[in-house]
Amino acid sequence: MTTILLCDDHVVVRAGLLALLGSEPDIEVLGEAGSGEEAVALAAKLRPDVVLMDLQLGEGIDGVEATRRITALPRPPHVLVLTTYDTDADITRAIGAGATGYLLKAERPEELFAAIHSAAQGRTTLSAPVASRVMAHMRGTRPTLTDRELDILGQLARGLGNRDIARALFISEATVKTHLGRIYDKLGVDTRAGAVSVAKEQRLLS
């Protein structure tokens, strides 16, 4: 039996998933969450095998941040993203946050069931379109960053904030922010954690 927690901010979507998953005898839904914060709290309380996580959750933290917090819990469950979004940035951020798999809501029920069981075993499962994007990204050329951008990226990886980076590199905070914007654009991300994650995957950090 694989136990799961649902996280989606749409009540109708959760109801549909509950009905669908209820037809699978080897899957038990322990609870449902309508926000990222609620998902983190329930994951810690219920300790499911898998959390089915949407990415866009309205107000509060999004699915990526919720995934990051859930995978940082003691004895964390595996997180399987179930969403309609398949942009490079979304995929990169979710995987960088610790998601075990990334599935699109257009998948057939049997593929969802199989993905849930695979995620419970810690095996990566990706929808075909997502897998294609990941492979294309891996085959592509590495982003070209300037020496200064690489310096800032290295400081980011050390966990420094903008003010400390500015002091370390003898530049202004405004300059740091400008470079960060360019780094995010080149790496296809919109968070510091996402930038560090992609940089490590692309081996941009020495």
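1. In which helix is S118 found? In this predicted model, S118 belongs to helix 5, which covers residues 109–120. With a relative accessibility of 15%, S118 counts as buried, because the cut-off for that class is under 20%. Once its neighbours within four places in sequence are left aside, the contacts of S118 are with R123 and T125.

2. On the overall make-up, the protein chain contains 10 helices and 6 strands. Its radius of gyration is 18 Å, close to the 17 Å that the globule rule gives for 206 residues, so the chain is as compact as a globular protein of that length. The C-alpha trace, taken along its principal axes, spans about 60 × 35 × 30 Å, and these spans may be kept in mind when the distances in point 6 are read.

3. Turning to burial and surface, 44% of the 206 residues of the protein chain count as buried. The accessible surface of the chain amounts to about 10,400 Å², and carbon and sulfur atoms account for 52% of that area. Among the contacts in the chain with a separation of 6 or more, 63% are made by residues 24 or more positions apart. As for charge, the chain carries 23 positive and 27 negative charges, and the mean positions of the two groups lie 9 Å apart.

4. The sheet deserves a paragraph of its own. The 6 strands make up an open sheet with parallel pairing, in the order 2-1-3-4-5-6. Strand 2 (27–33) and strand 6 (125–126) are placed at the edges and have a single partner strand each, so one side of each is left without a neighbour in the sheet.

5. The pairings within the sheet can be followed from strand to strand. Strand 1 is joined to strand 3 in the parallel sense by 4 bridges, with C7 standing opposite M53 in strand 3. Strand 3 (residues 50–53) in turn pairs with strand 4 in the parallel sense, again over 4 bridges, and here M53 stands opposite V81 in strand 4. M53 thus appears in both pairings, opposite C7 and opposite V81. Strand 4 and strand 5 also run parallel and are joined by 4 bridges, and the bridge partner of T83 in strand 5 is L104.

6. L5, in strand 1 (residues 2–7), is a useful residue to inspect in the structure. L5 is buried, with a relative accessible area of 0%. Apart from residues up to four places away in sequence, L5 touches G31, E32, A33, A39, L42, A43, L46, P48, V50, V51 and L52. By contrast, the C-alpha atom of H179, a residue 174 positions from L5 along the chain, is separated from that of L5 by 39 Å.

7. How many residues of strand 4 are buried? In strand 4 (residues 78–83) the number is 5 of the 6, so this strand is largely enclosed by the rest of the structure. In a regular strand, side chains alternate between the two faces of the sheet. Strand 5 (residues 101–104) is covered on both faces, with G101 and L103 buried on one side and Y102 and L104 buried on the other.

8. Helix 4 (residues 88–96) has D90, I91, T92, R93 and A94 as its buried residues, and a reader may wish to note that D90 and R93 are on that list. This helix is followed by G98, which has a positive phi near 115°.

9. Two further backbone angles call for a check by eye. Most residues other than glycine have a negative phi. R47, however, has a positive phi near 50°; this residue is found in the loop between helix 2 (36–46) and strand 3, and R47 is partly exposed, with a relative accessible area of 46%. F170 is likewise not a glycine, yet its phi is positive, at about 55°. F170 lies in the loop between helix 8 (162–169) and helix 9 (173–187), and with a relative accessibility of 76% it counts as exposed, because that class begins over 50%.

How values were computed. Residues are numbered from 1 along each chain as its sequence is written. This is a predicted model: local features need pLDDT of at least 70, side-chain atom pairs count only at pLDDT 80 or more; totals for chains, interfaces and linings use all residues. Side-chain values use heavy atoms; hydrogens and water are left out. Helices (H or I, at least four residues) and strands (E, at least two) are DSSP runs, numbered from the N terminus. The radius of gyration is taken over C-alpha atoms; the globule rule is 2.2 Å times the number of residues to the power 0.38. Buried means under 20% relative accessible area, exposed over 50%, partly exposed in between (1.4 Å probe, protein chains only). Contact means heavy atoms within 4.5 Å. Accessible areas come from the Shrake-Rupley method with a 1.4 Å probe; for residues, only the protein chains shown count as cover. Lys and Arg count as positive and Asp and Glu as negative; His and the chain ends are not counted. The place of a charge is taken as NZ of Lys, CZ of Arg, CG of Asp or CD of Glu. Two strands pair if DSSP finds at least two bridges between them.
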